[in-house]
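Here are my notes on the model, set out as numbered points. Please read them beside the coordinates.

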Amino acid sequence: EMNIFTKVPGLAHQTSKLGSVLQRSFYASSGRVTLYEQRNFTGRRLDLTADCQKLSDKNFPERCNSVQVESGAWVGYEYENFRGRQYLWDLSDRGEYNSCDKWCASMDHISSVRSVRQDTSPPRVQLFERAGFSGRKTELQDDIPNLMSRYGINRAASIRVLGGGWVVYQEPNYRGPHYVLEKKDFNNYSDWGGQNSTVGSIRKICFS
């Protein structure tokens, strides 16, 4: 039996407008995401509407090969308690990730998941060459697939998010290790979980 909250993977675009409006209000706080053990939305599944520090507590294997975002934006982490490599799942590409390489992962290990805090102010971010918001400053309001070719920069040691949510990638064209940046000041690359200051591309997180 189907109701307006039922989501058929691969048919996101056919969800009725009324259904999606009701879903958004129903899950307004953090959103809703479904993790699947196997590729193409198959195998054991886990629905989340709140942060989960330890997927094993939910009787879900720490293997995730596809993800369906119903609403909001989410980060999967390699380790428990939101540590290790980060993987963003948002509503770009209709929120459908049918294999783990779609979120730039080389392996399917996910141990914790949290929702991304949504900020409604206009998207705006400042990248600084050096830690402590010093050195050359580059201010952005749009997605930039190649920071080197557009602005001549490939390093940012501190970042100030003034509006919206952003994700910065170490490689151009939104590939490679990436880090979710919510509205706050990041004094050093370690504050966003980075191993170094390398940046290749940056884009706005897609919440809707």
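Is arginine 32 buried or exposed?

1. Arginine 32 is buried, because its relative accessibility is 17% and the limit for that class is under 20%. Its salt-bridge partner is aspartate 47, with the closest N and O atoms 3.6 Å apart. The two residues sit in different strands, arginine 32 in β1 (residues 32–38) and aspartate 47 in β2 (residues 42–48), 15 residues apart. Aspartate 47 is partly exposed, at 32% relative accessibility. Note that this is a predicted model.

2. Overall composition. The protein contains two helices and 14 strands. Of its 208 residues, 47% are buried. Counting contacts between residues at least 6 apart in sequence, 68% join residues at least 24 apart. The exposed area is about 10300 Å², and carbon and sulfur atoms supply 45% of it.

3. The four-stranded sheet. An open sheet runs in the order β9-β8-β10-β13, with antiparallel pairing. β9 (134–140) and β13 are at the edges with a single partner strand each, so one side of each has no neighbour in the sheet. Five bridges join β8 (residues 124–130) to β10 (residues 158–163) in the antiparallel sense. Within this pairing, valine 125 has valine 161 of β10 as its bridge partner.

4. The β11–β12 hairpin. β11 (residues 166–171) and β12 are antiparallel and share five bridges, one of which pairs glutamate 171 with arginine 175. Three residues lie between the strands, and asparagine 173 takes a positive phi near 60°. β12 (residues 175–181) is mostly covered, with six of its seven residues buried.

5. Other salt bridges. The whole structure has 13 of them. Aspartate 119 and lysine 183 form one, at 3.8 Å from N to O. Aspartate 119 is in the loop between β7 (112–115) and β8, and lysine 183 is in the loop between β12 and β13, so this pair ties together parts 64 residues apart in sequence. Lysine 183 is partly exposed, at 38% relative accessibility.

6. Aspartate 143 and lysine 204. Their side chains meet in a salt bridge at 3.4 Å, N to O. Because aspartate 143 belongs to the loop between β9 and α2 (147–151) and lysine 204 to strand β14, the link spans parts 61 residues apart in sequence. Both count as partly exposed, aspartate 143 at 34% and lysine 204 at 26%. Elsewhere, salt bridges with shared partners join Glu37, Arg44, Arg63 and Asp108 into one network.

7. Arginine 203. This residue is in strand β14 and is buried, at 11% relative accessible area. Its side chain makes a polar contact of 3.3 Å with the side chain of tyrosine 169. Beyond its neighbours within four places in sequence, its contacts include Leu88, Asp90, Asp143, Trp166 and Tyr174.

8. Serine 197. The loop between β13 (185–186) and β14 (201–204) holds serine 197, which counts as buried at 11% relative accessibility. A side-chain polar contact of 3.3 Å links serine 197 to arginine 155. Outside the residues within four places in sequence, serine 197 touches Asn154, Arg155, Ala156, Ala157 and Tyr189.

9. Aspartate 93. This residue lies in the loop between β5 (83–89) and β6 (96–97) and is exposed, at 66% relative accessible area. Its C-alpha atom is 9.5 Å from that of cysteine 206, although the two residues are 113 apart along the chain.

Definitions and conventions: Residues numbered from 1 in each chain as written. Predicted model: local features only at pLDDT ≥ 70, side-chain atom pairs only at ≥ 80, totals over all residues. Heavy atoms only, no water. Buried < 20%, exposed > 50% of the residue type's maximum accessible area, 1.4 Å probe, protein only. Contact = heavy atoms within 4.5 Å. Areas by Shrake-Rupley, 256 points an atom, 1.4 Å probe, with all protein chains shown as cover. Polar contact = N/O pair within 3.5 Å; in protein donor to acceptor, adjacent residues only side chain to side chain. Pairing = 2+ DSSP bridges. Salt bridge = Lys/Arg side-chain N within 4 Å of Asp/Glu carboxyl O.
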